[in-house]
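Subject: Structure handover

Hello,

Here is the structure I said I would pass on. My notes follow below it.

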Amino acid sequence: MVIIIATLILGVLLGAFLLFPRAQKPGNAEVVKSIPKEYKLYTRAEVSLHNKRTDCWVIIKDKVFDVTSYVEEHPGGDAILDHAGDDSTEGFYGPQHGTRVFDMIDDFYIGDLQH
């Protein structure tokens with residue numbers, strides 16, 4: 001009986017040791033630095049070259065987005081290609097878009113439009 005109780009206590013202590021995080025000693029923490037993505041300026045001429053289903057950039061409020069990977073998923077079908085390589089601000093802010101699109105567009109940002 002004593003052996004069973006001792007085994008149960010040791011099992012609980014071992015489980016707690018493995019499941020609960022231990023405090024790290026100062027100076028042992030690994031430092032992870034995020035590397036900022038480099039953005040650049042694009043001219044309208046540069047953006048206009050990206051006007052195909054397989055290479056689709058759009059301008060929205062003077063920011064440039066590479067939406068190529070989203071073209072096939074676009075719920076509005078080929079409507080996204082209407083302004084490929086051009087300014088799509090008006091269409092982007094149209095009534096057909098829900099608020100979700102405003103959260104996801106930043107994932108496609110590649111730079112700003114040069115004036």
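Is Glu 72 buried or exposed? Glu 72 is exposed, its relative accessible area being 60%. I start there since this side chain belongs to a salt bridge, described further down.

Confidence

Please keep in mind that this is a predicted model. The mean pLDDT of the chain is 80, and 73% of the residues reach at least 70. By element, helix H2 (residues 44-48) has the highest mean, 98, and helix H1 (residues 2-19) the lowest, 62. In residues 28-35 the pLDDT falls below 50, and this stretch makes one contact in the model beyond near neighbours in sequence. Where pLDDT is low, the predicted coordinates should not be read in detail.

Overall layout

The chain contains four helices and five strands. In sequence order they appear as α-β-α-β-β-β-α-α-β. The chain has 115 residues, of which 25% count as buried. It exposes about 9000 Å², with 61% of that area supplied by carbon and sulfur atoms. If one takes the contacts between residues at least 6 apart in sequence, 67% of them join residues at least 24 apart.

The sheet

The five strands form an open sheet with mixed pairing, in the order S1-S5-S4-S3-S2. Strands S1 (40-42) and S2 (51-52) are at the edges; each has a single partner strand, so one side of each has no neighbour in the sheet. Strand S3 (residues 55-60) and strand S4 (residues 63-66) run antiparallel and are joined by four bridges. Within this pairing, Val 58 has Phe 65 in S4 as its bridge partner.

Salt bridges

How many salt bridges does the structure hold? There are three.

In one of them, the side chain of Glu 72 meets that of Arg 53, at 3.0 Å from N to O. Glu 72 sits in the loop between S4 and helix H3 (89-92), while Arg 53 sits in the loop between S2 and S3, so this pair ties together parts 19 residues apart in sequence. Arg 53 is partly exposed, with a relative accessible area of 33%.

Arg 53 also forms a salt bridge with Asp 78, where the closest N and O atoms are 2.7 Å apart. Asp 78 lies in the loop between S4 and H3 and Arg 53 in the loop between S2 and S3, so the parts tied together here are 25 residues apart in sequence. Asp 78 is partly exposed as well, at 44% relative accessible area.

Another salt bridge brings together the side chains of Asp 112 and Lys 63, with an N to O distance of 3.5 Å. Asp 112 belongs to strand S5 (residues 109-113) and Lys 63 to strand S4, so the pair links parts that are 49 residues apart in sequence. Both residues are partly exposed: Asp 112 has a relative accessible area of 26%, and Lys 63 has a relative accessibility of 37%.

Through shared partners, Arg 53, Glu 72 and Asp 78 are joined by their salt bridges into one network.

Regards

Definitions and conventions. Residues are numbered from 1 along each chain as its sequence is written. Side-chain values use heavy atoms; hydrogens and water are left out. Helices (H or I, at least four residues) and strands (E, at least two) are DSSP runs, numbered from the N terminus. Buried means under 20% relative accessible area, exposed over 50%, partly exposed in between (1.4 Å probe, protein chains only). Contact means heavy atoms within 4.5 Å. Accessible areas come from the Shrake-Rupley method with a 1.4 Å probe; for residues, only the protein chains shown count as cover. Two strands pair if DSSP finds at least two bridges between them. pLDDT is the predictor's confidence in each residue, from 0 to 100. A salt bridge is a side-chain nitrogen of Lys or Arg within 4 Å of a carboxyl oxygen of Asp or Glu.
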